[in-house]
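Reader: I have a model open on my screen and would like to understand the words people use for it. Could you take me through the reasoning behind them?

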Amino acid sequence: MRILIVEDDEVLSDGLTVGLRLSGFTADAIETLADARAALAAAEFDGIVLDIMLPDGLGLDLLKELRGQGINLPVLLLTARDQVSDRVRGLDAGADDYLGKPFDLDELTARLRAMLRRREGRAANALCYNGLTVDPASLTGWVGERAMRFSRRECALLCALMEYPRRVISRNTLEERLYGWQEEVESNAVEVHVHNLRAKIGRGFIETVRGVGYRLAEEEGASSRSG
C-alpha cells in the first residue's frame, strides 16, 4: 500500500516515512501542495496523509480539489489545530479521517489500514484467497495451521495480487507499489520477491503471464501447491 505524506515538518515527515515503511507501507514524503499535485499526477497512491498547514496553502484546498474532480483517494488529515470545529471542517471537506498532533504512530497506521479496508469494501484487515489468509498489519500468513512470515515488500506484493486475484498486474505497477522514489530498485526485484513467495506458499499460487505480469492461480489450483 503506497502512501503519499504531505508534511512540511522535516522531523515529523522523516519519522512518518520510516514508521510507515516498518509497518508494511510504501511511503513517499513531500512538503508542499505544488509537489503533492505533481506527485499525484505522476504516480498512483493508495492513500494520503495530509497536513493542513503547508508553506504554500492549506491541505484542505488540495482535498477539495480531489473531491471536486471525483477522486475518492482515502485522505487522513494531520493538524496541530484539534478543535472540534477544525475536525468538522476537515471531514465535511471530504477527509476520511483526522488526527491531531501529537499522535501515536500505531494509531495512525491502524487508521490508514481501516481507511483502505473501507475503500476496498472489506470488514476485516486480513485478505483471504485460495486457502491463504494474510494479515498485512503483522506481515503474517496462514495456510491451514501452517504460519509464515513475510518481508514488508513480499507482503505488499502479495496483497496487491490478492486484492484482484485474477487480474494480471504488470511488473512496473508492482514496482511502483513496493518502492518509493528514494528507494533503489534492482532490475529483477519483483522476480526475486515472487520467487520467495512461491517458496513460502507454494509454486502454484502465483502465475507468471509471460510478457505481461503476474496474477494468482484460479481457486481450483490450490491442490498444485507444495506443502
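**Salt bridges and burial, reasoned out**

Author: Gladly! This is a predicted model, and a good place to begin is Arg 171, which has a relative accessible area of 34% and is therefore partly exposed.

Reader: What makes Arg 166, Glu 207, Arg 215 and Glu 218 one network?

Author: Shared partners do: the salt bridges among Arg 166, Glu 207, Arg 215 and Glu 218 have partners in common, and that joins the four residues into one network.

Reader: Back to Arg 171, then. Why is its pairing with Glu 191 called a salt bridge?

Author: The side chains of Glu 191 and Arg 171 come to 3.2 Å, N to O. The cut-off is 4 Å between a side-chain nitrogen of Lys or Arg and a carboxyl oxygen of Asp or Glu, so the pair qualifies. Glu 191 sits in helix α8 (residues 189-201) and Arg 171 in helix α7, with their positions 20 residues apart, so this pair links distant parts of the chain.

Reader: How do you know whether Glu 191 is buried or exposed, or something in between?

Author: Its relative accessible area is 30%. Buried means under 20% and exposed means over 50%, so Glu 191 falls in between and is called partly exposed.

Reader: What ties helix α6 to helix α7?

Author: A salt bridge between Glu 163 and Arg 177 does, at 2.9 Å from N to O. Glu 163 belongs to helix α6 (residues 152-163) and Arg 177 to helix α7 (residues 171-178), so parts that are 14 residues apart in sequence are tied together.

Reader: Why does Arg 177 count as buried?

Author: Arg 177 has 13% relative accessibility, and the limit for buried is under 20%, so the word applies.

Reader: How many salt bridges are there, and which one involves Asp 96?

Author: The structure holds 15 salt bridges. Asp 96 pairs with Arg 67, and their closest N and O atoms are 3.0 Å apart. Arg 67 is in helix α3 (residues 59-68), while Asp 96 is in the loop between α4 (84-92) and β7 (97-100), so the bridge connects parts 29 residues apart in sequence. Asp 96 has a relative accessible area of 33%, so it is partly exposed.

Reader: Why does Asp 135 have no salt bridge?

Author: The nearest side chain of opposite charge, Arg 113, is 6.2 Å away, and a salt bridge has to be within 4 Å, so none is counted for this buried residue. Asp 135 is in strand β9 (residues 132-135). Its side chain does reach the backbone nitrogen of Ala 137 at 3.1 Å. Setting aside residues up to four places away in sequence, Asp 135 touches Asn 125, Ala 126, Thr 140 and Trp 142.

Reader: And where is Ser 151, and what is it in contact with?

Author: Ser 151 is in the loop between β11 (146-149) and α6. Apart from neighbours within four places in sequence, it is in contact with Leu 139 and Lys 200. Its relative accessible area is 31%, so Ser 151 is partly exposed.

Reader: Last one: what makes the chain as compact as a globular protein of its length?

Author: The chain has eight helices and 14 strands. Its radius of gyration is 19 Å, close to the 17 Å that the globule rule gives for 227 residues, so the description fits. Of those 227 residues, 48% count as buried.

Note on methods: Residues are numbered from 1 along each chain as its sequence is written. This is a predicted model: local features need pLDDT of at least 70, side-chain atom pairs count only at pLDDT 80 or more; totals for chains, interfaces and linings use all residues. Side-chain values use heavy atoms; hydrogens and water are left out. Helices (H or I, at least four residues) and strands (E, at least two) are DSSP runs, numbered from the N terminus. Buried means under 20% relative accessible area, exposed over 50%, partly exposed in between (1.4 Å probe, protein chains only). Lys and Arg count as positive and Asp and Glu as negative; His and the chain ends are not counted. A polar contact is a pair of N or O atoms within 3.5 Å; within protein, one must be able to donate a hydrogen and the other to accept it, and residues adjacent in sequence count only if both atoms are side-chain atoms. Contact means heavy atoms within 4.5 Å. The radius of gyration is taken over C-alpha atoms; the globule rule is 2.2 Å times the number of residues to the power 0.38.
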